[in-house]
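User: I am in my first year and I would like to take a close look at a single part of this protein, with its surroundings explained step by step. Please take your time over it.

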Amino acid sequence: MHYTFPDNFWWGSASSALQTEGDSLTGGKSATIWDHWYTQQPSRFHQQIGPADTSTFYQHWREDIALLKQLNHNSFRTSISWSRLIPDGNGDVNPQAVAFYNNVIDELLAQGVTPFITLFHFDMPMAMQQLGGWENRQVVAAFSRYARLCFELFGDRVQHWFTFNEPIVPVEGGYLYDFHYPNVVDFRRAATVAYHTVLAHASAVRAFRDGRFAGEIGIVLNLTPSYPRSQNPADLTAAHHADLLFNRSFLDPVLRGEFPADLVALLRQYDQLPPTQPEDQALIADGVIDLLGVNYYQPRRVKCRDSAINPAAPFMPEWFFDSYEMPGRKMNPYRGWEIYEPGIYDILTNLRLNYGNPRCFISENGMGVENEQRFVEDGQINDQYRIDFVAEHLKWVHRAIAEGSQCLGYHMWTFIDNWSWCNGYKNRYGFVQLDITTQQRTVKKSGEWFAATSARNGFNHPENLS
């Protein structure tokens, strides 16, 4: 069967500054929380590979953008590093950073690749974290200023802005589950971080609209459908609570301009609400977006708790549900994640039916695989598994569009094998293979398939390019 996508569909990939640029403490850039954490606990990072050792985009941006063109990208999302542009977080702009980002944006445009630019992708400047990070409203104000400066510096050419990438992740990782710095386990502080992140987002949206900049502004959310084990009311309630905490805590503010009443009531019941100010409500209402990026990797399957809560343990989301491992589920064994392609359709359908069918696109979807060298044939990685993964998800995106979803594009994570937080290079996600010793780039079979798919704005499936 042939799957054809709408005209002007966005075909591309996504990356981030911290995971690709390298030169993490040169070019005038200051340390992020990742640079600092690596100096403190290098053993927390796979093979002790830290943020200085990425895919060197800061040095190789021109050849990498040429590869984007070769892969027939018409769009590409990356981020600006706050700590590169404003090294102390709230002071002078770094001219070396301005020159670098101008070069990147201009070269993307020259190659016919539309830049999609994210302002914050997990990389809090250490100077801001020392003030308390997102727990401190001063940092919210500093982010608003940073956003406005980005719009002023680059907004004449960038038409698609995103305030945050996956804002729930620093909340989960940094303040609940100990996989991001500052490694706090405290729900009330996590709730404050989430609340202030929404305020920071809304303040940037307000600055964008007040400045009458061209283009549009949005946010990128990792939406993880919460599927109940069964239709038993207890399982349904568990799934509802998981959805409130992990999806709707950001989805409702950015699409409806307010937090879900159920979530507020739940946190009030357990005395976990963050401190608020009277003017916050109007600011949050102003943060409704023009465009939603949807990151989807795996579903969340839950059931009601089978055991009592330890009252002496920290208050956690898992007070309201247990994870459920569905028998027979399809797995990516390397990443330990379930592969469930219809989830991407369920997200788009939920947005269409329950959120006014916003303009959106798939901003990340991908498959991390360990030791891909096993699959080298004639000097190229034959990652047919990745082609199948993308094609199967695209089939469900196609169905959602046919039913009326305003899904405007598909961006794969990622363009080139890149550094992945504490996992380093353990799992590879790219269309392009990176040799981290020589920095040589080699297009994988999936890259050739994606280039062909973009060129003809669709694909036949099942098919094999060999």
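In the open sheet of three strands, what is the order of the strands, and which kind of pairing does the sheet have? Please go on from there to whatever lies around it.

Analyst: Before anything else, please keep in mind that this is a predicted model. The open sheet of three strands has the order 7-9-10, and its pairing is mixed. The edges of this sheet are formed by strand 7, residues 226-228, and strand 10, residues 322-323, each of which pairs on one side only. Strand 9 covers residues 300-303, and with strand 10 it pairs in the antiparallel sense over two bridges. If you would like to find one such pairing on the screen, look at Val302, whose bridge partner in strand 10 is Ser323. As a general rule, the strands of a sheet pair through backbone hydrogen bonds, and they do so in either a parallel or an antiparallel way.

From the sheet we can step to the helix that lies on it. Helix 10, made of residues 233-256, lies across strand 7 and strand 9, and its direction is at about 175° to that of strand 7.

Helix 10 also has a helix as a neighbour, and this is a good place to slow down. Helix 8 and helix 10 pack with their axes 10 Å apart and at an angle of about 135°. The two helices are therefore oblique to each other. In this contact, Ile168, Val171 and Glu172 from helix 8 meet Leu245, Phe246, Ser249 and Phe250 from helix 10. Sorted by class, the residues of the contact are five nonpolar, one polar and one charged.

The same elements lead us to the open spaces of the model. The largest pocket has a volume of about 1,200 Å³, and 45 residues line it. Of these, Glu172, Phe179, Gln298, Arg335 and Trp337 lie nearest its centre, and you may recognise Glu172 as one of the helix 8 residues that meet helix 10. Strand 9, helix 10 and helix 8 (168-175) each supply at least two residues of this lining, as do helix 2 (33-40) and strand 12 (337-338). By class, the lining of the largest pocket holds 20 nonpolar, 13 polar and twelve charged residues.

The second largest pocket has a volume of about 660 Å³. Its lining has 31 residues, and nearest its centre lie Tyr195, Phe259, Val264, Leu273 and Pro274. Two or more residues of that lining come from each of helix 8, helix 9 (187-210), helix 10, helix 11 (261-269) and helix 12 (280-285), and helix 9 gives the largest share, with six residues. The classes here are 22 nonpolar, five polar and four charged residues.

Helix 8 has a part in an enclosed space as well. The model has six cavities of 30 Å³ or more, and the largest cavity has a volume of about 100 Å³. Its lining is made of 14 residues, with Ile33, Gln129, Trp134, Pro170 and Tyr181 nearest its centre, and helix 8 provides the largest share of them, three residues. This lining divides into ten nonpolar and four polar residues, with no charged residues.

Tyr181 deserves a second look, since the peptide bond from Tyr181 to Pro182 is cis, with omega near 15°. Pro182 belongs to the loop between helix 8 and helix 9. Another backbone detail is found at Arg212, which has a positive phi of about 55° although it is not a glycine, and Arg212 sits in the loop between helix 9 and strand 6 (216-222).

Strand 6 takes us, finally, to the other arrangement of strands. A closed barrel of eight strands runs 2-3-4-5-6-8-13-17, with parallel pairing, and the twist from one strand to the next averages 25°. Within it, strand 13 (residues 360-364) and strand 17 (residues 407-413) pair in the parallel sense over two bridges, and Ile362 has Tyr410 of strand 17 as its bridge partner. Helix 13, residues 342-354, lies across strand 8 (291-295), strand 13 and strand 17, running at about 145° to strand 13. A cis peptide bond also joins Trp413 and Thr414, with omega about 10°, and Thr414 lies in the loop between strand 17 and strand 18 (427-428).

Notes:
Residues are numbered from 1 along each chain as its sequence is written. This is a predicted model: local features need pLDDT of at least 70, side-chain atom pairs count only at pLDDT 80 or more; totals for chains, interfaces and linings use all residues. Side-chain values use heavy atoms; hydrogens and water are left out. Two strands pair if DSSP finds at least two bridges between them. Helices (H or I, at least four residues) and strands (E, at least two) are DSSP runs, numbered from the N terminus. Contact means heavy atoms within 4.5 Å. Axes are lines fitted to C-alpha atoms, for helices over the stretch in contact, and angles run from 0 to 180 degrees between N-to-C directions. On a 1 Å grid over the protein atoms alone, a cavity is a set of points where a 1.4 Å probe fits but cannot get out, and a pocket is an open set with protein on both sides within 12 Å along at least five of seven lines; lining residues have an atom within 4 Å of a point. Grid points are joined across faces, edges and corners, and a volume is the space filled by probe spheres set on the points. Ala, Val, Leu, Ile, Met, Phe, Trp, Tyr, Cys and Pro count as nonpolar, Asp, Glu, Lys and Arg as charged, and the others, Gly among them, as polar. Angles under 35 degrees count as roughly parallel, over 145 as roughly antiparallel, 65 to 115 as roughly perpendicular and the rest as oblique.
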